[in-house]
Amino acid sequence: MTVDQTAVLTTYARAARAAHPALTALDQLSGDGDFGDNLCEGLDWAVAAVEARPVEPATAVAAAVFLDRVGGTSGPLIGLLFQELTRALSAAEDDWAGGVREGLAAVQRVGEAEPGDRTMVDALVPARDALAAGRSYADVAEAAIAGAVGTAAIRARRGRAAYVGERAVGAPDPGAMGLALFFWSLAVVAEPDAGLPAPEEVVPMPGE
C-alpha cells in the first residue's frame with residue numbers, strides 16, 4: 001500500500017495544532033517559545049500550498065515552505081527532512097526508510113547534532129532504525145516518541161536549550177516531540193487501526 005503524502009501532511013498539521021499549547025510550553029522552558037507557532041504555521045502554509053498545487057508531491061511543497069518561509073533553527077532542518085523524503089519517494093515508491101535515513105544525515109550535516117544532544121535527532125535516529133529494520137509504521141512512531149520523551153533526562157549540548165542549562169531538564173525537547181508527531185502522522189495514515197494515542201497524549205503539557 002502506498003502511503004498518501006498529502007494525507008500525512010494534513011494529519012501532521014492537525015496533530016501539531018492539537019499539541020500546540022504543549023509544544024509552546026516546552027519551548028518556553030528551553031527556548032524562546034516560538035517552536036509551536038513556527039511548526040503549525042509552516043504546516044498550515046504547506047497544506048494550503050498543496051491544495052493550490054495538487055500535482056506536486058506534498059513533501060516537495062512542504063520542503064520548499066519550510067526551507068524558504070519558516071523561521072527559527074528548526075524550520076530549515078524540517079525542510080531538509082522533507083527534501084530528502086521527496087527524493088527518496090520519487091526514486092522508489094514508499095521509500096520512507098531511505099528518505100528518513102538521508103533526511104537525518106542532512107539534518108546532522110547542517111545542525112551538527114548527535115544522539116544525546118537533546119534535539120530532533122533524538123527522535124529521528126530511532127525512527128530511522130525502526131524503518132531500516134522493517135518495523136511497522138506504528139512501531140516507528142512509538143520509537144520516535146520514546147526517543148523524544150527520553151530527551152527529558154538530557155542536559156542540552158546543542159540548540160538554544162544549551163544556553164538554559166538545567167532549567168530544561170525534566171521536560172522533553174520540543175523539536176524532538178514535534179518530529180515525533182510527524183512519525184505519528186505517518187503511522188495514523190498508513191495503519192489507521194494501530195490504536196495510537198491522541199496528539200495531546202503524545203505531547204502532554206509539562207508537569208502532566
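What pattern does the protein follow when it is read along the sequence? In this predicted model, the chain runs as α-α-α-α-α-α-α-α-α, with nine helices and zero strands. The radius of gyration is 15 Å, close to the 17 Å that the globule rule gives for 208 residues, so the protein is as compact as a globular protein of that length. Along its principal axes, the C-alpha trace spans about 45 × 35 × 30 Å.

**Packing and surface**

Of the 208 residues, 53% count as buried. Among the contacts with a separation of 6 or more, 66% are accounted for by residues that stand 24 or more positions apart in the sequence. The accessible surface comes to about 8,800 Å², and carbon and sulfur atoms contribute 51% of that area. As for charge, the protein carries 15 positive and 29 negative side chains, and the centres of these two sets lie 7 Å apart.

**Aspartate 27**

Aspartate 27 belongs to helix 1, which covers residues 5-30. Is this side chain's residue buried or exposed? Aspartate 27 has a relative accessible area of 8% and is therefore buried, since the cut-off for that class is under 20%. A polar atom of the side chain of aspartate 27 lies 3.0 Å from the backbone nitrogen of aspartate 34. When neighbours within four places in sequence are left aside, the residues in contact with aspartate 27 are Asp32, Gly33, Asp34, Phe35 and Pro174, so that aspartate 34 appears in this list of contacts as well as in the polar pair with a distance of 3.0 Å.

**Two loop residues with positive phi**

Aspartate 94 has a positive phi although it is not a glycine, and glutamate 112 likewise shows a positive value in a residue other than glycine. Their places and values are set out below.

| Residue | Phi | Loop | Relative accessibility |
|---|---|---|---|
| Aspartate 94 | about 65° | between helix 4 (74-91) and helix 5 (96-111) | 21% |
| Glutamate 112 | near 60° | between helix 5 and helix 6 (121-132) | 48% |

Which exposure class does each of these residues fall into? Aspartate 94, at 21%, counts as partly exposed because buried means under 20%, and glutamate 112, at 48%, also counts as partly exposed because exposed means over 50%.

Definitions and conventions
Residues numbered from 1 in each chain as written. Predicted model: local features only at pLDDT ≥ 70, side-chain atom pairs only at ≥ 80, totals over all residues. Heavy atoms only, no water. Helix = DSSP H or I, 4+ residues; strand = E, 2+ residues; numbered from the N terminus. Rg over C-alpha atoms; globule rule 2.2 N^0.38 Å. Buried < 20%, exposed > 50% of the residue type's maximum accessible area, 1.4 Å probe, protein only. Contact = heavy atoms within 4.5 Å. Areas by Shrake-Rupley, 256 points an atom, 1.4 Å probe, with all protein chains shown as cover. Lys, Arg positive; Asp, Glu negative; His and termini not counted. Charge placed at Lys NZ, Arg CZ, Asp CG, Glu CD. Polar contact = N/O pair within 3.5 Å; in protein donor to acceptor, adjacent residues only side chain to side chain.
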